[in-house]
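Biologist: Before I ask anything, please put the sequence and the model on the screen. I will then go through the helices, the ligand shell and some single residues.

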Amino acid sequence: MAVLASGRGSNLQALMDAIAEGTLEADIVGVFSDRSKAVALQRARDAGIPARSLAPKAFASRAEFDAALFAAADEARPDLIVCAGYMRLIDAAVVDARPGRIINIHPSLLPEFKGLHTHQQALDAAATEHGASVHFVTADLDGGPVIAQARVPVLPGDDADTLAARVLEREHPLLVETVRWLAAGRIALAEDGIQVDGVAS
Ligand code: GRF
């Protein structure tokens, strides 16, 4: 897989750790970022994984930037592209050209709380449950078919930071498990949703 990340890279680290421990049969062929200072890039380099950033400002449009970033990722010949804390919208043409090959981890129980500041959104809505979702990326922002979710309670006294920390702890095993299923060929994107072990769900 190739991993796209914009920041801290703790989800990337969870994937790297699972591979190193032998619990995830997969390889990370490259890490790509829109931010040269992303900690994720350093985590990759420390593990001997090629890491590269491209600056959006160097491109005339989002479409051109996305085409270049994904072309760079494609050079590493990944079967799967994992957006793990990748904070940019992806151009529809780029997504449509790779059906079922891009997944994203989003910190909410989709379809609730799309977009940014999801933990604050959950608090503002007085949600009693919150969590994270891994979904196929389609041209619909945070709207592609959900593959798997992890739930946590919202506790009295929570703020966005405490809630984010509780969710993040569950994101790491959720992402690893989802990639494990994809790597084993147990899940695929179908025209009308998701196929699990060859059965439409
Ligand atoms: C995670 O909460 C992820 O769900 C969201 O951005 C955060 C990235 O964290 N899209 P990290 O960079 O993987 O530590």
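Biologist: How far apart are the end C-alpha atoms of helix H3 (residues 62–75), and what span should its 14 residues have?

Modeller: This is a predicted model, so the check is on computed coordinates. At 1.5 Å a residue, the 14 residues of H3 should span 20 Å. The end C-alpha atoms agree with that span, as they are 20 Å apart.

Biologist: Within what arc do the buried residues of H3 fall, seen down its axis?

Modeller: The buried residues of H3 are Phe65, Asp66, Leu69, Phe70 and Ala73. They line one face of the helix, because seen down the axis of H3 they fall within an arc of 115°.

Biologist: What covers those buried residues of H3?

Modeller: The buried set of H3 consists of Phe65, Asp66, Leu69, Phe70 and Ala73. The cover includes strand S1 (2–4), strand S2 (30–33), strand S4 (81–83) and helix H4 (92–96).

Biologist: Is Ala72 buried, exposed or partly exposed?

Modeller: Ala72 lies in H3. Leaving aside neighbours within four places in sequence, its contacts are Phe32, Arg52 and Leu54. A residue needs 20 or more other C-beta atoms within 10 Å to be buried, and 12 or fewer to be exposed. Ala72 has 16 C-beta neighbours inside 10 Å, so it counts as partly exposed.

Biologist: Which residue with a positive phi follows H3?

Modeller: H3 covers residues 62–75. The residue that follows with a positive phi, near 55°, is Arg77.

Biologist: Helix H2 (residues 39–46) next: within what arc do its buried residues fall?

Modeller: In H2, Ala40, Leu41, Arg43 and Ala44 are buried. These residues line one face of the helix, since seen down the axis of H2 they fall within an arc of 160°.

Biologist: Which residues on the other side of H2 are exposed?

Modeller: The buried residues of H2 are covered by elements including H1, S2 and strand S3 (51–53). Just after H2, Gly48 takes a positive phi of about 80°. On the other side of H2, the exposed residues are Arg45 and Asp46.

Biologist: Is Leu15 buried or exposed?

Modeller: Leu15 lies in helix H1. Leaving aside neighbours within four places in sequence, it is in contact with Val3, Leu24, Ile28, Leu175, Val176 and Val179. With 22 C-beta neighbours inside 10 Å, Leu15 counts as buried.

Biologist: Which residues come nearest to the ligand?

Modeller: Helix H1 (10–21), S5 and helix H6 (160–183) each supply at least two residues of the shell. By class, the shell has six nonpolar, six polar and two charged residues. Of the 14 residues around the ligand, those that come nearest are Arg8, Ser10, Asn11, Gly85 and Pro107.

Biologist: His106 is annotated as "active site" in the unreviewed UniProt entry. Is His106 buried or exposed?

Modeller: His106 is in strand S5 (residues 102–106). It has 23 other C-beta atoms within 10 Å, and the cut-off for a buried residue is 20 or more. His106 is therefore buried.

Biologist: With which residues is His106 in contact, leaving aside its neighbours within four places in sequence?

Modeller: Under that condition the contacts of His106 are Ala132, Ser133, His135 and Asp142.  Asp142 is found in the loop between strand S6 (129–136) and strand S7 (146–153). So the contact of His106 that lies in this loop and counts as partly exposed, with 19 C-beta neighbours inside 10 Å, is Asp142.

Biologist: What is the phi of Asp142?

Modeller: Asp142 is not a glycine. Its phi is nonetheless positive, at about 55°.

Biologist: Is His117 buried or exposed?

Modeller: His117 is in the loop between S5 and H5, and has a positive phi of about 55° although it is not a glycine. With 12 C-beta neighbours inside 10 Å, His117 counts as exposed.

Biologist: Which two residues does a cis peptide bond join?

Modeller: One partner lies in the loop between S5 and helix H5 (118–124). The omega of the bond is about 10°. The residues joined are Leu110 and Pro111.

Technical notes
Residues numbered from 1 in each chain as written. Predicted model: local features only at pLDDT ≥ 70, side-chain atom pairs only at ≥ 80, totals over all residues. UniProt positions renumbered as here; feature names shortened; annotations may be inferred. Helix = DSSP H or I, 4+ residues; strand = E, 2+ residues; numbered from the N terminus. Contact = placed C-beta atoms within 7 Å. Expected span 1.5 Å × (residues − 1). Arc of directions from axis to C-beta. Near = placed C-beta within 6 Å. Nonpolar A, V, L, I, M, F, W, Y, C, P; charged D, E, K, R; others polar.
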